[in-house]
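Open the structure in your viewer and keep the selection tool at hand. The stops below say what to select and what is there.

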Amino acid sequence: MDLEIRSIAPEELAELHRVVETSFGGQSTAERVECERLTVEYDRMIAVVENGSFVAGAGAYTFDLTIPGPATVPVAGVTWVGVLPTHRRRGILSQMMKFQLDDVVARGEPIAVLTASEAVIYGRYGYGVGSRFAEVEIKTRRSEFHAAADPGGSIRLVWGDEAAKLLPGIYDTWRRTRNGAISRNEGVWTYNFKDKEWNRHGWGPQFYAVHQTATGEADGYARYRIKQGDETNQAKVIEVIALDTEVEAALWRFVLDLDLTTVVEGSRQPVDDALRWRLADSRAYDAKGPWDWLWVRLLDVPASLAARRYDTAGSLVFEVADRFRPDGDAAGRFRLDAGPDGATCVRTTDAPDITLPVEMLGAAYLGGVPFTTLAQAKRAVGAADALRRADAMFSSTPLPFCNTPF
């Protein structure tokens, strides 16, 4: 099988989109392709070519990921991964992943992230589950808060150009404080505001409720949809983003109090969501999941570990195995000396405190899973005191959370 793997030209995007959509049983249309042009980076879109035709594809976006500190680190957001049904089980995905990760390293990005269609695929390429989310349903008649939200200011609906002006800035400020969140560029927001019918999945158009302070400064918003029924409606919260916990609660209260609405769904909520504890009746908060979301692949362990901050000061030596890239900068033995004010990480010959594969270090990187848990699951090996020390250093409150699909 004579295959070529290469980046694409802009005029080839429609063919790549057709191949990737077909691999998931979806349909590519000219309208969808034009929307995708708002966000794609052509030099990061990969095609696998056989006899002049595309048979597989992958891509990546350029993101900043917020990590404990808070701090940010540049990452590759892997996307558009698909192989035609006629060409599966031939090693094509592995070839694409190698090509792509080599390119990520060449760009100087120490981490790649993705969201996975299947949970068993990407561990073999060094990705581990770094964050999770829950799907939530709340019956409005049981949604009374035990204590009223009191943020001051007011909430108003905004439309069109005003929404496009206000929401991105609020999100960008918020995401820099929330471990696990990723940046959104202008193209992502333009894509969202287009709100195409095929992207609503049976729900109505997006509405935008913005909270503003008494002095008129916008400091939070809710994006939501309504599904109208014969007598009652349902609401779906796409996201609530706020710079203050009381503002966040007030925006939820606004949606929960919408007239005619009996059920409010939260499509992607943190697993440690404070909203559950706001409710007088906690059973009204019906959560499904949690589901895995952001998968983290460390490509440069020293750079990745030195970039974040740690809850407590300490030292650890990690022995990291990287089956997919055994000669890369994520494989070997590394000494981490770290604390709340900074960190250094270098290669060492010292005896390891903790031994684990790179995908499990990726899972623990944002603080989403304790090392003691990984050891209990036989995904890491280390003495009890070293594992507890690692738990204390890597812990994250709140838990890592990403609410951006890509």
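**Stop 1: a pocket**

Select W174, R178, A242, T245 and E248: of the 26 residues that line the second largest pocket, these lie nearest its centre. The model on screen is a predicted one. The space in this second largest pocket comes to about 610 Å³. To see which elements build the wall, colour α4 (160-175), β11 (233-242), α6, β12 and α7 (275-278), each of which gives two or more residues to the lining. Strand β11 has the largest share of the lining, with five residues. Now colour the lining by class: 13 residues are nonpolar, five are polar and eight are charged.

**Stop 2: salt bridges**

Side chains of opposite charge can pair when their charged atoms come close. How many salt bridges does the structure hold? The count is 31, and a few of them are visited here.

Select R325 and D102, whose side chains form a salt bridge with an N to O distance of 3.1 Å. R325 sits in the loop between β15 (314-321) and β16 (332-339), while D102 belongs to helix α3 (residues 92-106), so this pair ties together parts that lie 223 residues apart in sequence. Is R325 buried or exposed? R325 counts as buried, because its relative accessibility is 16% and the cut-off for buried is under 20%. Its partner D102, at 32%, counts as partly exposed.

Next select E137 and K139, which are joined by a salt bridge whose closest N and O atoms are 2.9 Å apart. E137 has a relative accessible area of 24% and is partly exposed. K139 is partly exposed too, at 30%.

Move on to R389 and D353, where the side chains meet in a salt bridge at 3.9 Å, N to O. This pair links distant parts of the chain, 36 residues apart: R389 is in helix α11 (residues 384-394), and D353 is in the loop between β17 (342-347) and β18 (354-357). R389 is partly exposed, with a relative accessible area of 28%, and D353 is partly exposed at 26%.

To end this stop, select D195, E197, R200 and R225 together. Salt bridges with shared partners join D195, E197, R200 and R225 into one network.

**Stop 3: cis peptide bonds**

Select G289 and P290 and show the backbone: the peptide bond between them is cis, with omega about 5°. P290 is found in strand β13 (residues 285-292). Then go to T397 and P398, where the peptide bond is also cis and omega is near 0°. P398 lies in the segment after α11, the helix that holds R389 from the previous stop.

**Stop 4: positive phi angles**

Select N51, a residue other than glycine with a positive phi, near 50°. Where is N51 placed? N51 is in the loop between β2 (46-50) and β3 (53-67). With 74% relative accessibility, N51 counts as exposed.

Finish at L260, which is not glycine and has a positive phi near 70°. L260 is in the loop between α6 (245-256) and β12 (261-269); both of those elements give residues to the lining of the pocket at the first stop. L260 counts as exposed, at 59% relative accessibility.

Conventions: Residues numbered from 1 in each chain as written. Predicted model: local features only at pLDDT ≥ 70, side-chain atom pairs only at ≥ 80, totals over all residues. Heavy atoms only, no water. Salt bridge = Lys/Arg side-chain N within 4 Å of Asp/Glu carboxyl O. Helix = DSSP H or I, 4+ residues; strand = E, 2+ residues; numbered from the N terminus. Buried < 20%, exposed > 50% of the residue type's maximum accessible area, 1.4 Å probe, protein only. 1 Å grid on protein atoms, 1.4 Å probe; cavity = no way out; pocket = protein on both sides within 12 Å on 5 of 7 lines; lining within 4 Å. Points joined across faces, edges and corners; volume = space filled by probe spheres on them. Nonpolar A, V, L, I, M, F, W, Y, C, P; charged D, E, K, R; others polar.
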